[in-house]
There are 4 protein chains.
Amino acid sequence: MTKVGFIGLGIMGGPMAANLVKAGFEVTGYNRSRAGVDRLVAAGGRGANSVGQAVRDADAVITMLPDSPDVRAVVLGEDGVLAHAREGALLIDCSTIRPDVSREVGQAAAAKGIQALDAPVSGGEQGAIEGNLSIMVGGAAEAFETAREMFDVVGATIVHVGGPGAGQTVKAANQLIVAGTIELVAESLVFLEAHGVDTGAAIEVLAGGLAGNRILDRKAPAMVRREFTPGFRVELHHKDLGIVLQAAREAGVVIPLGAAVAQLMAALEAQGHGALDHGALLKLVEQLSGRGQE
Amino acid sequence: MTKVGFIGLGIMGGPMAANLVKAGFEVTGYNRSRAGVDRLVAAGGRGANSVGQAVRDADAVITMLPDSPDVRAVVLGEDGVLAHAREGALLIDCSTIRPDVSREVGQAAAAKGIQALDAPVSGGEQGAIEGNLSIMVGGAAEAFETAREMFDVVGATIVHVGGPGAGQTVKAANQLIVAGTIELVAESLVFLEAHGVDTGAAIEVLAGGLAGNRILDRKAPAMVRREFTPGFRVELHHKDLGIVLQAAREAGVVIPLGAAVAQLMAALEAQGHGALDHGALLKLVEQLSGRGQE
Amino acid sequence: MTKVGFIGLGIMGGPMAANLVKAGFEVTGYNRSRAGVDRLVAAGGRGANSVGQAVRDADAVITMLPDSPDVRAVVLGEDGVLAHAREGALLIDCSTIRPDVSREVGQAAAAKGIQALDAPVSGGEQGAIEGNLSIMVGGAAEAFETAREMFDVVGATIVHVGGPGAGQTVKAANQLIVAGTIELVAESLVFLEAHGVDTGAAIEVLAGGLAGNRILDRKAPAMVRREFTPGFRVELHHKDLGIVLQAAREAGVVIPLGAAVAQLMAALEAQGHGALDHGALLKLVEQLSGRGQE
Amino acid sequence: MTKVGFIGLGIMGGPMAANLVKAGFEVTGYNRSRAGVDRLVAAGGRGANSVGQAVRDADAVITMLPDSPDVRAVVLGEDGVLAHAREGALLIDCSTIRPDVSREVGQAAAAKGIQALDAPVSGGEQGAIEGNLSIMVGGAAEAFETAREMFDVVGATIVHVGGPGAGQTVKAANQLIVAGTIELVAESLVFLEAHGVDTGAAIEVLAGGLAGNRILDRKAPAMVRREFTPGFRVELHHKDLGIVLQAAREAGVVIPLGAAVAQLMAALEAQGHGALDHGALLKLVEQLSGRGQE
């Protein structure tokens, strides 16, 4: 399998597609704005003027889009992926969307003789560029095996977590833990500052024990410096927590901490901080505590 | 400095004292129940029949006690450490207690010409036995340097985080993050189970990304198996979250997630699960979600 | 205006339609199950075999249905209200549904020359029987004036709160306050019982001060007796809090207490208590606190 | 019984003492600052220069003080009430303090042959002036009967709720419900404003149904106008919620909504709004939602 149609050549999709080109895949890409396509062509890929043109001859179609409605439109739409992809092709959706939409896409694909995987990723722009994303994959085991050679190019931790939608469900859990951990670290840092403790030393010792986590390692120093350049934007995490809450509600699972941190992320978004890094939850704890400039 | 008086030879203090003996320190130990003293003697230390006897000739006194009132009684009490320790001795309190009590102890010690450090630890019984605890130390830099040779015997990550009480403040933050992370992992696991996802695979991929943390590494597999043998008991974590809430309140710091998880830990305690491992927060999420046997 | 088509003759709609008959309106009713129609006929109304038959000659059409999809189907559906009602008729939807669906219905109606009001009610079965419901009405002032004579028959407090959807928005706020107040009263009652206080006396004195509210007046005594026969069912309140959360999210409004109580109501529902009265939030507080039989 | 010693002649105690004078009681008052004493003398009472002088000949001693430490000092202190009051006198503490401190006071009083009641009040300055406070009384039934003639002068709803400390426990529940209800109303008002709904009309219809409560009746209009002149100050309600949380913790009662609103009140206090009316919780909801000027 060598021909890949790639839809969505943005911050994440662009470098992923480029890495596939570099690894020897024949990648034809389409993006709503032309710049993404031009970058792919410069990297050695082919450009397409439409979804149909990108996917027509593809053995595998990879989509990397912002939200559920985008995936619905691009995959299920009149002139979309399923209307043009050939029978027997494989559809790999790397977008972070609602699990039920992934299942809906999977069923629509199956009806056309196309196997589908939901394969959301974690690791950010840097992980996409370096090709060491974590990939949580839902769908048929057979399709997972077929996709493996492509996943190996773009990711480092690649796990088949279950049937259709399972990748999205795990990604939702991922976003719940990440948001909650950022908030816990933010509360701790403001608490330590208020008590006059050296936060640099505290981060070191906290990271060494049972409290250790990736947020302490990768984000806490920037949070202490009040640097909130994304990284991962508040507005996207806010969207993702909406998916978490809905999926929990549908499954009858009670998530008190998830619901609480979703309100805090919603506050950041409502206050106009949607374009900041999600580490900005620290700003909110500061504001609530009457500390900092605002 | 070689003579150490050690008060509190329980699950944590016992192995810590034994490690000091093994490293060549002359340790005289006292414990309320005789069994702890006997174990120390068997390990090559000396036994004392009272706090006074244990600390009279000591260069350094180490205390490892359950809660603030215990430390107050043992250190400040009529027949306590400060009544018997010699001027110039060093007091190292490894208990997890209220920061304000640590500061009170420090001042009372200073008035007797005794330097004090608050040095709570993280790492559990296993860390105490293996001598690789994380130690968060508050107090004077000079006293920290003096204590260093002892800390190096019992710990692996040893950080001086600030003045008197700062060690306790960082330990409080540690307990806030640990409790919150356990709850986030618990909500995620029940969420994943409810959606029929393979939790073993999910834990693997979650641990590989930004959601990665020590709870996923060390506790999640036992939580999935519903094994809640401590480890660290709910009743102690419930006590510690009381310290967190009080210290946050006093400093005017707002900790919405900390307050929420404190209610959940209080629920476990109220339901009679105080002797279980704190990973039992998963039981509560299950119960709230109408899942599991209860 | 005297001819009324009434769709949805259940616990609420049935007595409302009967009261309109009693007041002299010519009411033709339709209900999915025949029993509701039969009761209306027994009360002096006319029965219809379809939505179309019920609304064809009506000056006003009143709908009282469980949820948003029901209203969409009955009003917008192929053989629905808008397909059969005559131009110039007035549509009054008394269901509690999503504000955006009310606005969608309003626009679709306007396109057919039909004016629409959203007019959710509060007051329960008893209020419907006694004709003293609270009615919160959204839509055009002129349509409100036209509907007034019908509202006066079924309600006591009748307020025009704004344009299309505003009635639903106020009803959402109503359900937020009601759920939250029940939970506050539940927490207080369990707190008082745990402290051995006479709850009957406490309810009396609490009701007399700034803490006074309708839940203390009408529900607290039954809650103390653990009587949870509805009244208003947990499953419906759970649905309504879903509307509240979504409408708050869309408007960028942060509702920490609303989000917290929504999790608690979701827990009751998940535990299989959906058919109990919403006062059963007390059961949950008891369970969390390790009190009561379960 | 006619001679009353009254300690604490502030905003609440001043008018209560004056009403007792007016009703024919012989009141001797003491206050830390002289102005309170002067006002009592002007109203026809007697002034005292010390606690001892105020209570020496009294049949009943009434205390109205800010917090637990004040009551401890004034009642139990070296030169306090119990040191000077005669055997057989009745002590009525109207302060809002911790239930355990009330019980401690009761025991100390009993040891001196003095009966004690805890009798916190609700109703604010206006209720104190008009003599229609709600009074929640803990202690012996016999003592309650003796105190009745005084309660009837200062209060309208007077209920004996249980043994020593029970009055404080009910007052704690009162403060929990009041704070929570204000927050629910605040969330609802911001929600309604964000959706462009006429809040005046909404308050009217909400007050008429199951959502009806005293906060809607008495505080919501001022909240809509952003008028936060106390009334009851945030700093006092913050203190009271501390009592609620501690009393719930001691009794093993889980209060998720109580804990959440306590964080919000703590935020207002931390932001420097301690002197505003507790209705200012609306400011916080606005701030979180990115609305209003700040």
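**Exercise 1. Placing a glycine and its peptide bond**

Locate A:Gly231 among the helices of chain A, and describe the peptide bond that joins A:Pro230 to A:Gly231.

*Solution.* Start with the location: A:Gly231 sits in the loop of chain A that runs between helix H12 (220-224) and helix H13 (234-251). Keep in mind that this is a predicted model. Next, look at the bond: A:Pro230 and A:Gly231 are joined by a cis peptide bond, with omega at about 10°. Now turn to chain C, where C:Gly231 lies in the loop between helix H12 (220-224) and helix H13 (234-251). There, C:Pro230 and C:Gly231 are linked by a cis peptide bond, and omega is about 5°.

**Exercise 2. Backbone angles at an arginine**

Find the sign of phi for C:Arg226 and for D:Arg226, then decide how exposed each residue is.

*Solution.* Begin with chain C. C:Arg226 belongs to the loop between H12 and H13 of that chain. Phi of C:Arg226 is near 55°, which is positive in a residue other than glycine. For the exposure step, recall that partly exposed covers the range between 20% and 50% relative accessible area. C:Arg226 has a relative accessible area of 28%, so it is partly exposed.

Then move to chain D. D:Arg226 is in the loop between helix H12 (220-224) and helix H13 (234-251) of chain D. Its phi is positive, about 55°, although D:Arg226 is not a glycine. With 28% relative accessibility, D:Arg226 counts as partly exposed.

**Exercise 3. Classifying an aromatic pair**

How many aromatic pairs does the structure hold over all chains, and which class fits the rings of A:Phe144 and A:Phe151?

*Solution.* Over all chains there are four aromatic pairs. To classify one, remember that a pair of aromatic rings is described by the distance of the centres and the angle of the planes. For A:Phe144 and A:Phe151, the centres are 6.1 Å apart and the planes meet at 35°. Planes under 30 degrees apart would be stacked and over 60 edge-to-face, so the pair of A:Phe144 and A:Phe151 is tilted. Both A:Phe144 and A:Phe151 are buried.

Chain B offers another case: B:Phe144 and B:Phe151 make a tilted aromatic pair, with 6.1 Å from centre to centre and 35° between the planes. For burial, the cut-off is under 20% relative accessible area. B:Phe144 is at 5% relative accessibility and therefore counts as buried. B:Phe151 has a relative accessible area of 3%, so B:Phe151 is buried.

**Exercise 4. Describing the interface of chains A and D**

Work out how much area chain A and chain D bury between them, and which residues of chain A lose the most.

*Solution.* First, the area: chain A and chain D bury about 620 Å² between them, with 60% of it on carbon and sulfur atoms. In chain A, the residues that lose the most area to chain D are A:Gln271, A:Gln287 and A:Leu288, which together make up 61% of what that side buries.

Second, count the participants: eight residues from chain A and eight residues from chain D take part in the contact.

Third, check the interactions. The rule finds zero salt bridges across the interface of chain A and chain D, while two residue pairs are in polar contact.

Finally, assign the chain A side to its elements. Helix H14 (256-270) and helix H15 (281-288) of chain A each give two or more residues to the side that touches chain D. H15(A) gives the most, with three residues. By type, the residues on this side of chain A divide into four nonpolar, four polar and no charged.

Conventions:
Residues numbered from 1 in each chain as written. Chains lettered and ligands numbered in written order. Predicted model: local features only at pLDDT ≥ 70, side-chain atom pairs only at ≥ 80, totals over all residues. Heavy atoms only, no water. Phe/Tyr/Trp six-rings, centres within 6.5 Å; stacked < 30°, edge-to-face > 60°. Buried < 20%, exposed > 50% of the residue type's maximum accessible area, 1.4 Å probe, protein only. Helix = DSSP H or I, 4+ residues; strand = E, 2+ residues; numbered from the N terminus. Contact = heavy atoms within 4.5 Å. Buried area = accessible area lost by both parts, 1.4 Å probe. Salt bridge = Lys/Arg side-chain N within 4 Å of Asp/Glu carboxyl O. Polar contact = N/O pair within 3.5 Å; in protein donor to acceptor, adjacent residues only side chain to side chain. Nonpolar A, V, L, I, M, F, W, Y, C, P; charged D, E, K, R; others polar.
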